[in-house]
Amino acid sequence: MMRNMAYEALDFYDIDSMLSEEERMVRDMVRDWVEDRVIPNIEEACRDGVFPDDWRKEIGEMGILGAPLKGYGCPGLSYIAYGLICQELERGDSGVRSFASVQGSLAMYPIHDFGSEEQKEYYLPKMASGEWVGCFGLTEPDYGSNPGDMITRAEDKGDHFLLNGAKMWITNGTIADLAVVWAKLDGEIKGFIVEKGDEGFSAPEMKGKHSLKASVTSELVFQDCKIPKNRILPDVKGLRGPFSCLNNARYGISWGAVGAAQSCFNSAKEYSLSRIQFGHPIASFQLIQNKLSWMLREITKGQLLAYHMGKKKDDGTWIPEQISLAKMNNVDMALEIARMSRDIHGANGILDEYPVMRHMANLESVKTYEGTHDIHNLILGRHITGIQSFTREP
Amino acid sequence: MGVAVLIKQVPDTTSKVSVAGDRVDESSVSKWSISPYDEYALECAMRLKESGYSEVVAITCGPQRSSKALTEAAAVGADSLIHVHVEDSLDSIQVQTLLSAAIKRTGSEIVLCGKQAADTNSGSTGPGIASILDYSCVGVVSEVSVDDGVLVATRQGPSGLEEIEVSAPCLFTFDKGESELRRPNVRGIMMAKKKTVEALTPGDLGVDLGESAVIVNSHSSPPDKPPGQKFEGVSSIATVVQKLRDEANVI
Amino acid sequence: MEVIVISESNGDLLHPVTAQLVGASSSLGGNITILCPGGKGLSEAAEISGVSKVISVEGDCFQSYDSNAWSKALAPHAEGDLVLTSSSSTGRELASSIAAIRGIPVLQDATNISEGIVVSRPIYSGKVIETSSVKIPCVITLRANSYEASESSGKAEISTVNQTADVTISIRKALERAGEKIDVSEADIIISGGRGMGEPSNFSNLEEVADLLGAAVGASRAAVDTWDEIPHSMQVGQTGKTVTPSLYIAVGISGAIQHLAGMRTSKYIVAINKDPEAPIFGVADYGVVATWEEALPALKNELSALLSN
């Protein structure tokens, strides 16, 4: 009955009061789950380099996968609720949030928005319940920030498609039951659903990560991979397909980063109040207070950014550049807070007794995936000047 | 036949409780929850429902804020919700009278509740209601199930752990149960939002409360512990053990 | 003021709390009658000083415990201004039921009762003390060891009444407590060992003390990391369990900040360590500078002696 001391989430500007009862209940449900199931077990999962299968089941049972999607067994929650879910999951670990982001925003979302009726009815209920895990294949070994030049190709062979190529850095890849794969068909990017067990498809796991250790990262390899004709996503072509998925995932990350930052802040606060040096808790020293105050300030701004972005998502009045800013800012903020929190913990900060070093290492990935920090700068640069600076071509 | 479960909303056991002036400062409570022993009762109620009882009605008595505890109960499957709405501080017999009237209104002959609430730590409500309704009362149980028409419970009785049987109508008070309260899910939360809470005043229940016979004079923080004491050598163990009984009162 | 004390039994004997209930009643200046449910501990009750009458309430219902039946049988003889029981589980149940039958309030777990009647009691698991005034007639349960026991030099008049009520609970069988150990996250008393215990097998010495106290055995991370025999589930601290028992006994634990983070909010902390400079003494309410080899046998003996009387 005795639980850990209450986690008092930092909420300096009382965002809580702006949430609906339903949004609060969903957040508390996920918060309690993370408290009970993730935090006590995350270090072991990281050491073993696994995403525990129990977590998949339990996340599925909570019914939070594909949070904002409607129909086909999906939850139909608000984008604010989806953000809160990401925030709470990532307070536990970025890998857990990644699992949910990939499943919901990158695998379920394209089927939901671009799939055929038959595809939606077949895949979405199983994915919403967590029974089936999905992954998303866009990035290739040689094409990261520049996905438009991907080399994975699909050929129409009359009664089937033939896929050839390789994808890399694919979250959930090895444990996935299906992959939404972006490949060029007659020179144009199209989405395909590849199922585990399809001929010519394999998903070897990438080992040796110092980051997101409790998340499965894989390659997807297609060698004359044969898939039925009804596995193409009919309603989208070009980069709009993968980019619209990424927009939703990036939005979730802007909240998730707040969760990771809150975890680091909380640990720094607790630690500085109990660590005695020179006869006093280090929290009583000005340099520490300065750091804590900076963290409070940055987290609060990040929360307001994420919250407002959520409102715009729910109202449908957003532009992708706003999401770029929210993702970039909040991950940058969280990473800086993780480093500062490590500093406050002194040497203890490098131990797995505290969550900060794990968050710090995770956030290095989060800073890079789903559009690197710098790419988001370029997106904003183009927005400001009207001049794209991604390529040398005019 | 339905199962009634009595729940109380209390500051979460992990929440800080502080005193401001001479009262517990409710505004400092970071999280309100269903009292832990009541959660075990609620879980058992859900299991009884799964074994054939028609419905679970969750009942609470308290101020406006406590209605949220009912919504939380609905999110894990409680079918109907009754909030006996009182803002004033009541004495034990007033609370028991109100809840007894609410139970009577539902016709429930199986009533489950926690053995005590995590705020007042009293344990008066369950047995008191059983006496008012003249239901059997089985205290400090960890599990209740149905076996061939009779209710079977595991209780910590005065002579130890035992399995007992009893017939309805009966009230059970829960100790830590065999099963933790199930986790809600999104579907449950969305259903809960649609369920109406039946809010009843004492008047609606035909109860004239009269005046509370108990007046709370003050809440205060416990006296500061004496500063730490350090003793040299094993001969001091006897002293420490005695202090644990006399000063600390923990053994 | 007429005070009715309902005695508490311990098997066939009188529980020592009964004399404390009389001690508390005497301080209020009441005329004290003891009711002995089922006549248990009757002659001992009559010897408690300051008691004017002892009534043995006898009936078939007292063969086994049924709080509703017992209360119905006792209530007609508990018509006093103040009814007092112990705040054990049975005491609380009987108090609540008798109060409800009489339509009067009950206050549980008092640690102080003074004229007026003013009652102090711990609430929120002892984090707050509540003081309230209650009108008589009322029922109050008293926490054990809050009052000095009244002496045993009295000679009260004994009478017997026959009163029973229908028993509705039948006992199917006594159950063995499953031999499983108490989990540290649920225990009210925890005794933990650190690397200073030398060998994992030495934890059996902690278990012996734990058994006496109904306590759980915990461990520091150093112990868990060093010895495979000590499972992570026992670990108290930053990455283990955060615990807030009423008593935490740390043996051979130096008190690294990560360990303190998991137990410093315990209500009382006892530290046993041979190093007088160990940081654990900084958070201990009672520190003993001694080796565990000396201290644990002594602790066991003292506790056995105290708990057996």
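Strand β8 (residues 110-114) of chain B pairs with strand β12 (residues 170-174) of chain B in the parallel sense, over 5 bridges. This is a predicted model, so keep that in mind as you follow the strands. Within this pairing, Leu112(B) has Phe172(B) as its bridge partner in β12(B). β8(B) also runs parallel to strand β1 (residues 3-6) of chain B, and 4 bridges join the two. Here Ala4(B) finds its bridge partner in Val111(B). How many of the residues of β8(B) are buried? The count is 5 of its 5, leaving the strand mostly covered.

Leu112(B) is a good place to step from the strands into the interior. Together with Ile85(A), Val5(B) and Ala73(B), Leu112(B) ranks among the residues with the most contacts inside the largest nonpolar core, which has 226 residues. Helix α7 (residues 240-274) of chain A supplies the largest share of this core, with 14 residues. Take a look around Ala73(B) as well: beyond its neighbours within four places in sequence, Ala73(B) is in contact with Ile7(B), Ile34(B), Leu42(B), Ala58(B), Ala78(B) and Leu81(B). A second, separate core has 54 residues, including Ala187(C), Ile189(C), Leu247(C) and Val283(C).

That brings us to chain C. Its domain assignment gives domain 1 (2-162) and domain 2 (189-308). The centres of these two domains of chain C, taken over C-alpha atoms, are separated by 37 Å. Finally, turn to where chain C meets chain A: 11 residues of chain C are in contact with 11 residues of chain A. On the chain C side of that meeting, 4 residues are nonpolar, 6 are polar and 1 is charged.

Notes
Residues numbered from 1 in each chain as written. Chains lettered and ligands numbered in written order. Predicted model: local features only at pLDDT ≥ 70, side-chain atom pairs only at ≥ 80, totals over all residues. Contact = placed C-beta atoms within 7 Å. Nonpolar A, V, L, I, M, F, W, Y, C, P; charged D, E, K, R; others polar. Buried ≥ 20, exposed ≤ 12 C-beta atoms within 10 Å, placed from the backbone. Pairing = 2+ DSSP bridges. Domains from an automatic or database assignment. Core = buried A, V, L, I, M, F, W, Y, C linked by C-beta atoms within 7 Å.
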